[in-house]
Protein chains: 2
Amino acid sequence: MDTDYPSDQTPAVRRRQKVRDSILAAAERVFAKEGESGLSIRRLAEEIDYSPSAIYKYFGSKEELLEELKEAFFDRLMAQVDRVAALNLDFHDRARACVTTYVATAVERPHHYAAAFSSIPTVEEAAARQNLGWEDFIQTSKGQAFKVLVDLVEDGQARGVFDRTLEPVKAAKSIWASSHGLALLMIHMPVLPDMQPCEAQPTGDFVAFHADIVMRGLAVPASTPQQNGAST
Amino acid sequence: MDTDYPSDQTPAVRRRQKVRDSILAAAERVFAKEGESGLSIRRLAEEIDYSPSAIYKYFGSKEELLEELKEAFFDRLMAQVDRVAALNLDFHDRARACVTTYVATAVERPHHYAAAFSSIPTVEEAAARQNLGWEDFIQTSKGQAFKVLVDLVEDGQARGVFDRTLEPVKAAKSIWASSHGLALLMIHMPVLPDMQPCEAQPTGDFVAFHADIVMRGLAVPASTPQQNGAST
DNA sequence: TTAATAAAGTGAACACTGTTCACTTTTCGA
DNA sequence: TCGAAAAGTGAACAGTGTTCACTTTATTAA
């Protein structure tokens with residue numbers, strides 16, 4: 001949290017920033033605990049002791065406010081993964097850590113993670129977005145997240161751990177899908193992860209298990225002769 | 001659709017059933033196109049030419065009505081997968097078909113699928129559900145879905161395709177997570193699947209690709225007993 | 001310091017939502 | 001045919017996001 005406000009700004013903008021932040025903080029607090037259903041403009045206004053209409057001097061709509069919450073969360077999520085990806089670890093451990101960190105951070109704030117993937121575009125919207133190319137996508141926050149994965153795959157391939165015949169982009173999509181699915185399954189179906197009848201195990205262990213399975217799916221296959229090129 | 005009404009019933013209950021069905025049909029129509037945001041009691045009432053309060057003679061709440069929609073969809077989804085799972089196919093093809101069918105059916109009705117996994121239980125609720133055991137879970141609709149997967153895994157292990165050291169329940173969770181994640185990624189991020197820069201390919205092909213990757217992750221390892229993690 | 005201007009904040013209203021309830025109308029069995 | 005049960009209704013309640021004319025406060029220029 002950066003709770004300090006730059007002194008090279010006029011008091012007005014500093015005050016404004018403070019109020020804006022207090023709104024976001026209240027929203028964050030309520031949303032983390034109760035999700036979107038508990039988050040109303042009137043409730044936020046009450047929490048920060050302003051009138052409901054005051055909120056609209058700081059945010060164009062509830063939607064905009066929520067968007068900012070989600071964006072901030074996604075940035076935190078990716079920062080976590082980036083930090084882990086930069087660690088000096090054995091490739092297997094690093095890849096596994098990326099997945100487990102992603103899932104753990106997602107599950108930590110279930111409402112945030114679920115909300116970050118909640119909008120369902122209409123067919124027209126979907127078609128329109130098809131038109132923006134790789135360069136455009138890679139600059140969105142989700143695109144940045146994806147690039148980390150593609151890099152990971154290419155690294156794995158260079159080290160001879162992952163199958164070189166797989167297209168890195170497709171492999172990255174596969175990893176993301178698998179991680180995304182586990183996170184959401186744990187969020188929406190908490191019955192599952194620690195489920196019997198196998199002996200009870202801490203949740204984290206299953207995440208690591210899943211991550212290993214995912215990596216195994218991308219590993220060089222048994223039969224295919226792998227050219228023993230030294231890793232770069 | 002069973003649009004015929006049993007004649008061994010009094011006209012009253014038949015009429016009632018018809019009205020009830022018309023509500024559900026209208027709800028289905030609206031929900032499929034616009035999702036929950038477009039579905040209001042007043043709108044439903046308008047569509048079937050009744051007053052809003054009439055709906056409450058047939059459904060206790062909007063929540064209940066929605067629950068029925070979701071349940072019906074999930075049943076259709078599982079019926080599709082069951083049908084494919086019962087096909088007389090080579091194991092690989094059968095396993096792949098289960099995943100691709102699951103994902104395809106989910107993506108066909110994005111709002112339904114997303115809604116079926118939309119509730120986020122509080123920590124207390126989650127803890128409460130932890131207490132119901134395998135026998136209870138296996139009898140829910142989601143439990144039934146899961147059992148199909150466990151059977152598939154056990155079949156694969158029996159045939160020597162899947163790694164026998166993996167616990168079937170954990171492996172099944174892994175498959176579900178991967179399939180679930182792909183379905184939701186396609187629903188919420190339609191930018192991704194057909195994304196460049198790799199040569200454009202029909203969406204379906206990526207689903208099959210992903211399914212194969214997932215299967216490869218569960219296959220018997222090359223020769224050396226894999227390091228740590230996956231085999232424990 | 002004062003006057004003019006811009007920003008911040010407010011309360012009432014609008015149009016919407018799910019839901020309830022007293023009420024009327026219709027249906028159906030005794 | 002009568003009476004009870006079921007079906008259906010309209011108005012209302014409490015809640016939602018949002019707008020807008022309005023007042024109050026703060027900032028800037030003269």
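Here, two residues are in contact if they have heavy atoms within 4.5 Å of each other. This model is predicted, so to speak a computed guess: local features need pLDDT of at least 70, side-chain atom pairs count only at pLDDT 80 or more, and totals for chains, interfaces and linings use all residues. Residues are numbered from 1 along each chain as its sequence is written, chains are lettered from A and ligands numbered from 1 in the order in which they are written, and side-chain values use heavy atoms, with hydrogens and water left out.

**Exercise 1. Work out how H9(A) and H10(A) cross, and which residues meet there.**

Step 1: Find the helices (DSSP runs of H or I with at least four residues, numbered from the N terminus; strands are E runs of at least two). H9 covers residues 141-158 of chain A, and H10 covers residues 168-188 of chain A.

Step 2: Look at the axes, which are lines fitted to C-alpha atoms over the stretch in contact, with angles from 0 to 180 degrees between N-to-C directions. The axes of H9(A) and H10(A) come within 8 Å and cross at roughly 115°.

Step 3: Name the arrangement. H9(A) and H10(A) are therefore roughly perpendicular (65 to 115 degrees; under 35 is roughly parallel, over 145 roughly antiparallel, the rest oblique). Their crossing is right-handed, meaning that the near helix is turned clockwise from the far one by less than a right angle, while anticlockwise would be left-handed.

Step 4: List who meets whom. From H9(A) come Lys142(A), Phe146(A), Leu149(A), Val150(A), Val153(A), Glu154(A) and Gln157(A). Facing them in H10(A) are Pro168(A), Val169(A), Ala171(A), Ala172(A), Lys173(A), Ile175(A) and Trp176(A).

Step 5: Sort them by class: Ala, Val, Leu, Ile, Met, Phe, Trp, Tyr, Cys and Pro are nonpolar, Asp, Glu, Lys and Arg charged, and the others, Gly among them, polar. That gives ten nonpolar, one polar and three charged residues where H9(A) touches H10(A).

**Exercise 2. Over in chain B, describe how H4(B) packs on H9(B).**

Step 1: H4 of chain B runs over residues 62-85, and its axis lies 10 Å from that of H9(B), at an angle of about 15°. That makes H4(B) roughly parallel to H9(B).

Step 2: Check the hand. H4(B) passes H9(B) in a left-handed crossing.

Step 3: Pick out the residues. Glu71(B), Phe74(B), Asp75(B), Met78(B), Val81(B) and Asp82(B) of H4(B) touch Ser141(B), Lys142(B), Ala145(B) and Val148(B) of H9(B). Grouped by class, there are five nonpolar, one polar and four charged residues.

**Exercise 3. Describe the protein surface around DNA strand C.**

Step 1: A residue is near a strand if one of its heavy atoms lies within 4 Å of it. DNA strand C has 18 residues around it, and Ser53(A), Tyr58(A), Arg15(B), Arg42(B) and Tyr56(B) come nearest. Of the strand C atoms within 4 Å of the protein, sugar and phosphate make up 48%.

Step 2: Try the polar contacts (pairs of N or O atoms within 3.5 Å; within protein, one must be able to donate a hydrogen and the other to accept it, and residues adjacent in sequence count only if both atoms are side-chain atoms). Phosphate oxygens of strand C sit 3.1 Å from a polar side-chain atom of Arg16(A), 3.2 Å from one of Ser40(B), and 2.8 Å from a backbone N or O atom of Lys62(B).

Step 3: Helix H3 (52-55) of chain A, together with H1 (11-34) and H2 (41-48) of chain B, are the elements giving two or more residues to this surface. By class, the surface near strand C has seven nonpolar, five polar and six charged residues.

**Exercise 4. Now do DNA strand D.**

Step 1: 18 residues surround strand D, the closest being Arg15(A), Arg42(A), Tyr56(A), Ser53(B) and Tyr58(B).

Step 2: A side-chain N or O atom of Tyr56(A) is 2.7 Å from a phosphate oxygen of strand D, and a backbone N or O atom of Ile41(A) is 3.0 Å from a phosphate oxygen. Ser53(B) reaches a base oxygen instead, with a polar side-chain atom 2.6 Å away.

Step 3: At least two residues each come from H1 (11-34) and H2 (41-47) of chain A and H3 (52-55) of chain B.
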